[in-house]
Amino acid sequence: MAILPILTLPDKRLKQKSLPVEKVDATIQQLMDDMLETMYAANGIGLAAPQVGVFKQVIVLDVNDEEGKRNHRPLMLANPKIIRMEGTLPWREGCLSVPDQVAEVVRAAAIEILALDRHNQAVRVEATELLAVCLQHEIDHLHGTLFIDHISALKRSIILQKLKKKASEDKEK
Ligand code: NI
């Protein structure tokens, strides 16, 4: 397994749309394993392939359990598609590609998705609470959408300015 570099704003590649996977083969399984290792190393709870510069519809997630510990039953999914959304749920979100920034986003409270699992089997996942929020956030990445695209233009521009400033400071170092 390998830890992959994570793209961060203002990198424009984060706006790129990802293509569906034809089959979850050994190459995609390797990608899923590397993404999971990368996510754990960065203390994230979800990661989408475009965040590591791979424009394929692959996401990995592992949300915390009640004690705040990893349940180590990660979801590794290809071609996730939301087939049902119900209710609304505001949630304070962050993103490994938008470092140190959080904002409240209103998501669906309950969702149902179809996807392929690590063994190329079709799976149906029902989710509420944090898992539902995280799935919607990661699926958004596959369409080039970030959580800041769901907040007000003013809040978004403040976050973007901060990240652009940080990127130019990092370049000067
Ligand atoms: Ni994210």
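Here are a few exercises, with worked solutions, on a predicted model of a protein with a nickel ion.

**Exercise 1. The nickel site**

Find the protein donors of the nickel ion and work out how they are spaced in sequence.

*Solution.*
- Step 1: Start at the metal and look for N, O and S atoms within 2.8 Å. You'll pick up SG of C95, NE2 of H137 and NE2 of H141, at 2.1 to 2.2 Å from the ion.
- Step 2: Now go to the sequence, where the donor residues follow the pattern C-x41-H-x3-H.
- Step 3: Place the two histidines. Both H137 and H141 belong to helix α2, residues 129-142, and being four residues apart puts them about one turn of the helix from each other.
- Step 4: Check their exposure, taking under 20% relative accessible area as buried. H137 and H141 are both buried.

**Exercise 2. The sheet**

Work out the strand order of the open five-stranded sheet, then say which strands stand at its edges and why one side of each has no neighbour.

*Solution.*
- Step 1: Walk across the sheet and you get β1-β2-β3-β6-β7, with antiparallel pairing.
- Step 2: Look at the ends of that order. β1 (46-48) and β7 (122-128) each have a single partner strand, so one side of each is left without a neighbour in the sheet.
- Step 3: Compare strand directions. Ignoring which way they run, neighbouring strands are turned by 40 degrees against each other on average.
- Step 4: Go through some of the pairings. β1 and β2 are antiparallel over three bridges, and here G46 sits opposite L61 of β2. β2 and β3 are joined by four bridges, again antiparallel, with I59 facing L77 in β3. Between β3 (residues 75-86) and β6 (residues 110-116) there are six bridges, also antiparallel, and K81 is opposite L114 in β6.

**Exercise 3. Strand β2 and the helices**

Sort the side chains of β2 by the way they point, and find which strands each of the helices α1 and α2 lies across.

*Solution.*
- Step 1: Follow β2 residue by residue. V58 and V60 point one way, while I59 and L61 point the other way.
- Step 2: Buried or exposed? All four of these residues are buried.
- Step 3: Add helix α1 (residues 26-41), which lies across β1, β2 (58-61) and β3 at about 40 degrees to β2.
- Step 4: Add α2, which lies across β1, β2, β3, β6 and β7 and runs at about 155 degrees to β2. That's the helix from Exercise 1, the one holding H137 and H141.

Notes:
Residues are numbered from 1 along each chain as its sequence is written. This is a predicted model: local features need pLDDT of at least 70, side-chain atom pairs count only at pLDDT 80 or more; totals for chains, interfaces and linings use all residues. Side-chain values use heavy atoms; hydrogens and water are left out. Donors are N, O and S atoms within 2.8 Å of the metal (3.2 Å for Na, K and Ca); water is not among the atoms, so sites may look incomplete. Buried means under 20% relative accessible area, exposed over 50%, partly exposed in between (1.4 Å probe, protein chains only). Two strands pair if DSSP finds at least two bridges between them. Axes are lines fitted to C-alpha atoms, for helices over the stretch in contact, and angles run from 0 to 180 degrees between N-to-C directions. Contact means heavy atoms within 4.5 Å.
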